[in-house]
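Reader: I'm new to reading structures and would like to learn how the labels are earned. Could you walk me through this one?

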Amino acid sequence: MGKKLLTYYSELNDDYCEVHFDYKEEYGYIKYFNSAGKIIFTEDFKGKSIHYVKDAAENWTTGIKKLNKKT
């Protein structure tokens, strides 16, 4: 379980995401939420810098990044 570092809010709707970092395993991940606060997807970024994870979250808020979730 990691620590929440930042929250980003979508510019397109009321969804948001949180950037977390697992200090034990040393990797970042993003939790994506819908407007009701329900987790819709979690994305791990093992082997990537925390700056990369933050950029991914910011890109998602602007609509540049799309989620690769399986349906």
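Author: Gladly! Keep in mind that this is a predicted model. Let's start with strand β2: seven of its seven residues are buried, so the strand counts as mostly covered, given that buried means under 20% relative accessible area.

Reader: What makes both faces of β2 covered?

Author: Look at each side in turn. Tyr16, Glu18, His20 and Asp22 are buried on one side, and Cys17, Val19 and Phe21 are buried on the other.

Reader: How do you know that β1 and β2 pair?

Author: Pairing takes at least two bridges. Six bridges join β1 (residues 3-9) to β2, so the two strands pair, and they run antiparallel. One of the partnerships is that of Lys3 with Phe21 in β2.

Reader: And what joins β2 to β3?

Author: Seven bridges, again in the antiparallel sense. Here His20 stands opposite Tyr29 in β3. Four residues lie between the strands in this hairpin, where Glu26 takes a positive phi near 60 degrees.

Reader: Why is Thr61 called buried?

Author: Thr61 has a relative accessible area of 5%, and the cut-off for buried is under 20%, so Thr61 is buried. This residue lies in helix α1 and touches Tyr8, Tyr9, Ser10, Glu11 and Leu12, leaving aside residues up to four places away in sequence.

Reader: Which element gives the most to the largest nonpolar core?

Author: The largest nonpolar core has eleven residues, including Val19, Ile30, Phe45 and Trp60. β2, β3, β4 and α1 each supply at least two of them, and α1 gives the most, with four.

Conventions:
Residues are numbered from 1 along each chain as its sequence is written. This is a predicted model: local features need pLDDT of at least 70, side-chain atom pairs count only at pLDDT 80 or more; totals for chains, interfaces and linings use all residues. Side-chain values use heavy atoms; hydrogens and water are left out. A nonpolar core is a set of buried Ala, Val, Leu, Ile, Met, Phe, Trp, Tyr and Cys residues joined through side-chain atoms within 4.5 Å. Buried means under 20% relative accessible area, exposed over 50%, partly exposed in between (1.4 Å probe, protein chains only). Contact means heavy atoms within 4.5 Å.
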